[in-house]
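Here are a few short exercises to work through with the model open beside you. Try each task yourself before you read the solution.

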Amino acid sequence: MSELNRTPLHDLHLALGAKLVPFAGYEMPVQYPLGVKKEHEHTRTASGLFDVSHMGQLLLRGPEPAKALETLVPADILGLAEGWQRYAIFTSEAGGILDDLMVVNAGDHLYLVVNAACKEQDVAHLRANLPAGHEIEVLDRGLLALQGPQTAAVMERLCPAACEMVFMQHGHFEIDGIPVWISRSGYTGEDGFEISVAADQTEALARRLLDEPEVEAIGLGARDSLRLEAGLCLYGHDIDTTTLPVEAGLIWAIGKPRRRGGERPGGFPGAEAILHQVEAKDHRRKRVGLLGEGRAPVREGARLFDAAGNEIGVVTSGGFGPSVGKPVAMGYVDVAHAELGTSVHAEVRGKRLPMTVSKMPFVAPGYFRGK
């Protein structure tokens, strides 16, 4: 087994008593002594600090970076204003999802954040397929996510200018003299900030944030339950190369100018298959939320059945939702069983547990969109 990579916060995780596990080629904290459930609840009520430095941070430079990236994603990048970020997906020639990413218009270049498990293939994909004259720089930076309803109060003390941003805005600031790039975003469903910082200043910044009374260190276990309650996909589980955006419920990630009849229709890998599904709506399966009964969690891989015992789908993410107080999951079912309120059964250790197709997110989002 190859040696695992470490983030700039590895020593801090050890000092905080984290339980470390392999994740996407890195040694990462799955939980701290507080425990997954309390870490989850703390993020929902106060402010949680996550180490997400394993993610890939890239700069795309060239004469027309937005136009260049549009050859690989169906998002409207040309319409993205400076200082804003947008969710995008890399698509294959068959229309499947190669990865999902965040794209920031940083003026004369784009700043991309890609998934840790996919970053090497993403960099190779970009370098092989971008138009001539464009280049990718792989950054060596830490990335912290500060999430929760009391996060704005923390940032108001440390970096009040960042609190003037709304959801999905991005800017350059300083915290205690440390230069940082901050976006008002995150992957918990709560208001929060993602903070990119030079690798050698990551620990100092993390310790400064943890000094604030509202802030606790949070591991991957709670990050997973938080994003699941927020109805957010995890690449390699809820979306992958076999998934088309429409069936994944990601039609909103296909910019209107990129659709048929738009200003710049198609022009990205798999456009024919993807845009056909957008118009014809003839996809056979759909990603749905699932709400269970009792307390037994339904995990990834559980098969789903209708009332007559016919297999109709599979769970792709699942667990107990601490904020919901019930088992929550998401997965794919055939479209005939995708209506809200439909009763299905998940097979867990030989037993069929009742679940109901439910709307997502399971918890009300707390994103800050302005006063």
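## Exercise 1: A sheet and its neighbours

In this predicted model, L144 faces I195, which belongs to β12.

**Task.** Work out how the strand pair β9 and β12 is joined, and in which relative direction the two strands run.

**Solution.** Start with the residue ranges: β9 covers residues 141-147 and β12 covers residues 192-198. Next, count the bridges between these strands, and you find seven. Finally, compare their directions: β9 and β12 run antiparallel.

**Task.** Place the strands in their sheet and find out which of them stand at the edges.

**Solution.** First write down the order, which is β10-β11-β12-β9-β3-β13. These six strands form an open sheet with mixed pairing. Then look at the ends: β10 (170-175) and β13 (215-217) each have a single partner strand, so one side of each lacks a neighbour in the sheet. To finish, follow the twist, which averages 30 degrees from one strand to the next.

**Task.** Find the strands that helix α2 touches as it packs on the sheet.

**Solution.** Locate α2 at residues 36-45. Its contacts on the sheet are with β3 (47-51), β9 and β13. Now compare directions: that of α2 makes about 120 degrees with that of β3.

## Exercise 2: Salt bridges

Side chains of opposite charge can pair when their charged atoms come close. The structure holds 23 salt bridges, and the next tasks pick out some of them.

**Task.** Explain why the salt bridge between R157 and E214 ties together separate parts of the chain.

**Solution.** Begin with the distance: the closest N and O atoms of R157 and E214 are 2.7 Å apart. Then place each partner. R157 sits in helix α5 (residues 151-158), while E214 is in the loop between α6 (202-210) and β13, so the pair ties together parts that are 57 residues apart in sequence. Last, check accessibility: R157 has a relative accessible area of 45% and is partly exposed, whereas E214, at 12%, is buried.

**Task.** Say where the salt bridge partners R207 and E203 lie.

**Solution.** Both residues belong to helix α6. They are four residues apart, about one turn of the helix. The closest N and O atoms of this pair are 2.9 Å apart. R207 is partly exposed at 39% relative accessible area, and E203 is partly exposed at 26%.

**Task.** Is E247 buried or exposed? Trace its salt bridge to R285 as well.

**Solution.** The relative accessibility of E247 is 7%; because buried means under 20%, E247 counts as buried. Its partner R285, at 26%, counts as partly exposed. The closest N and O atoms of E247 and R285 are 3.0 Å apart. E247 lies in the loop between α7 and α8, and R285 in strand β14 (residues 285-292), so to speak of distant parts of the chain is fair: the two are 38 residues apart.

**Task.** Which residues are joined into one network by salt bridges that share partners?

**Solution.** The members are E70, D76, R86, R258, E263 and R264.

## Exercise 3: A glycine in a loop

**Task.** Describe the surroundings of G262.

**Solution.** First, find G262 in the loop between α7 (220-229) and α8 (271-280). Second, list its contacts: leaving aside residues up to four places away in sequence, G262 touches K256 and P257. Third, note that G262 is partly exposed, with 25% relative accessibility.

How values were computed: Residues numbered from 1 in each chain as written. Predicted model: local features only at pLDDT ≥ 70, side-chain atom pairs only at ≥ 80, totals over all residues. Heavy atoms only, no water. Buried < 20%, exposed > 50% of the residue type's maximum accessible area, 1.4 Å probe, protein only. Contact = heavy atoms within 4.5 Å. Pairing = 2+ DSSP bridges. Axes fitted to C-alpha atoms, helices over the stretch in contact; angles between N-to-C directions. Salt bridge = Lys/Arg side-chain N within 4 Å of Asp/Glu carboxyl O.
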